[in-house]
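Here are some exercises to work through with the model open beside you. Try each task before reading its solution.

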Amino acid sequence: MAMLEVKDINVYYGMIHAIKNASFEVNEGEVVALIGANGAGKTTILHTVTGLLHARSGSVAFEGKELTHTPAHRIVSMGISHVPEGRRVFADLTVYENLMMGAYTRSDKAEIAASLEMVYERFPRLKERRSQQAGTLSGGEQQMLAMGRALMSRPRLLLLDEPSMGLSPLFVSEIFKIIEEVSAQGVTVLLVEQNAKKALSIADRAYVLETGKVVMTGPAQELMNNDSIKAAYLGE
């Protein structure tokens, strides 16, 4: 059984049919990439998985449990964490306060403290800036903070929405290195990313989304060598 199983979902914004019979799955321990052009529906799919949007038909199941009508906060406590597009840090709160917001579903103080140390270990810059307001951080540092905050909930499945957006090449490499490290430590990753080359370079498998439909799937390396994918998404 797949860890995350999305079957034939249809999602609408009012009259607009945004996601059309989309199906995909993510197995435990994988990094799975969702690639596609702007407006293809990638973010809509993540919002549907995390309960911010609801599918009109079809199903979303996590570890065999149906999520279709589960409230978003319950989904977090089940083990899914979402790093949204544009980072969405709490600008007026400190780095430390932002990280503690990520642990709001937990009550185990000693383990929360251990998770905080783990995040500081992975992101030394956050430790250095823990008393600084999040809004004063650089874009790359805010992305690290958004990822650290998501990891504070101890997710088994981490959803990342455009983690490289707006970052310098140096920070992009750093963020992707961190994604690989997080995966190596046992967190399953569903990655939405416009930088298809970077996404495919670290993913096990990938799905290609066009106008709300899954049009292609396969091992990431295979897709990277596919001529139509190269032409459409890799600039080759």
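## Exercise 1: The largest pocket

E6 gives the largest share of the lining of the largest pocket, namely 4 residues. Keep in mind that this is a predicted model.

**Task.** Find which elements give two or more residues to the lining of the largest pocket, and which residues lie nearest its centre.

**Solution.**
- Step 1: start with the volume. The largest pocket holds about 500 Å³ of space.
- Step 2: go round the wall. 20 residues line the largest pocket, and Val76, His82, Pro84, Tyr104 and Arg149 are the ones nearest its centre.
- Step 3: sort the lining by element. Helix H2 (72-78), strand E6 (80-83) and H6 each contribute two or more residues.

## Exercise 2: A salt bridge across the sequence

**Task.** Work out which parts of the chain the salt bridge between Glu30 and Arg205 ties together, and whether Glu30 is buried or exposed.

**Solution.**
- Step 1: check the distance. The side chains of Glu30 and Arg205 meet at 2.7 Å, N to O. The cut-off for a salt bridge is 4 Å.
- Step 2: place the partners. Glu30 sits in the loop between strand E2 (16-26) and strand E3 (31-35), while Arg205 belongs to strand E9 (residues 205-210), so the pair ties together parts 175 residues apart in sequence.
- Step 3: look at exposure. Buried means under 20% relative accessible area. Glu30 has 10%, so it is buried, and Arg205, at 18%, counts as buried too.
- Step 4: see what else Glu30 meets. A polar atom of its side chain lies 2.8 Å from the backbone nitrogen of Asn27. Leaving aside residues up to four places away in sequence, Glu30 touches Thr188, Val189, Asp204 and Arg205.

## Exercise 3: The strand that holds Arg205

**Task.** Describe how E9 pairs with E3 and with E10, and name the residues opposite Arg205.

**Solution.**
- Step 1: take E3. E3 and E9 run parallel and are joined by 4 bridges. The bridge partner of Arg205 here is Val32.
- Step 2: take E10. Strand E10 (residues 213-219) pairs with E9 in the antiparallel sense, over 6 bridges. In E10, Pro219 stands opposite Arg205.
- Step 3: inspect the turn. E9 and E10 make a hairpin with 2 residues between them, and Thr211 in that turn has a positive phi of about 40 degrees.
- Step 4: ask how covered the strand is. Since 5 of the 6 residues of E9 are buried, E9 is largely enclosed by the rest of the structure.

## Exercise 4: Two other salt bridges

**Task.** The whole structure has 11 salt bridges. Set the pair Asp108 and Arg154 beside the pair Glu181 and Lys177: how many residues apart are the partners in each?

**Solution.**
- Step 1: begin with Asp108 and Arg154, whose side chains meet at 3.7 Å, N to O. This pair links distant parts of the chain, 46 residues apart: Asp108 is in the loop between helix H3 (95-101) and helix H4 (109-122), and Arg154 in the loop between helix H6 (139-151) and strand E7 (157-161).
- Step 2: add their exposure. Asp108 is partly exposed at 23% relative accessibility, and Arg154 is partly exposed at 45%.
- Step 3: turn to Glu181 and Lys177, which meet at 3.2 Å, N to O. They are 4 residues apart in helix H7 (residues 169-184), so about one helical turn separates them. Glu181 is partly exposed, with 32% relative accessible area.
- Step 4: look for shared partners. Asp108, Glu111 and Arg154 are joined into one network by salt bridges that share partners.

## Exercise 5: An open sheet and a covered helix

**Task.** Say which strands stand at the edges of the open sheet E2-E1-E4-E5, then find which residues of H1 are buried.

**Solution.**
- Step 1: read the order. The 4 strands run E2-E1-E4-E5 with antiparallel pairing. E2 and strand E5 (65-66) are at the edges with a single partner strand each, so one side of each has no neighbour in the sheet.
- Step 2: zoom in on one edge. Strand E4 (residues 57-62) and E5 are antiparallel and joined by 2 bridges, with Phe62 opposite Lys65.
- Step 3: move to helix H1 (residues 42-49), where 6 of the 8 residues are buried. These are Lys42, Thr44, Ile45, Leu46, Thr48 and Val49.
- Step 4: step just past H1. Gly51 takes a positive phi of about 85 degrees.

Conventions. Residues are numbered from 1 along each chain as its sequence is written. This is a predicted model: local features need pLDDT of at least 70, side-chain atom pairs count only at pLDDT 80 or more; totals for chains, interfaces and linings use all residues. Side-chain values use heavy atoms; hydrogens and water are left out. Buried means under 20% relative accessible area, exposed over 50%, partly exposed in between (1.4 Å probe, protein chains only). Two strands pair if DSSP finds at least two bridges between them. A polar contact is a pair of N or O atoms within 3.5 Å; within protein, one must be able to donate a hydrogen and the other to accept it, and residues adjacent in sequence count only if both atoms are side-chain atoms. Contact means heavy atoms within 4.5 Å. On a 1 Å grid over the protein atoms alone, a cavity is a set of points where a 1.4 Å probe fits but cannot get out, and a pocket is an open set with protein on both sides within 12 Å along at least five of seven lines; lining residues have an atom within 4 Å of a point. Grid points are joined across faces, edges and corners, and a volume is the space filled by probe spheres set on the points.
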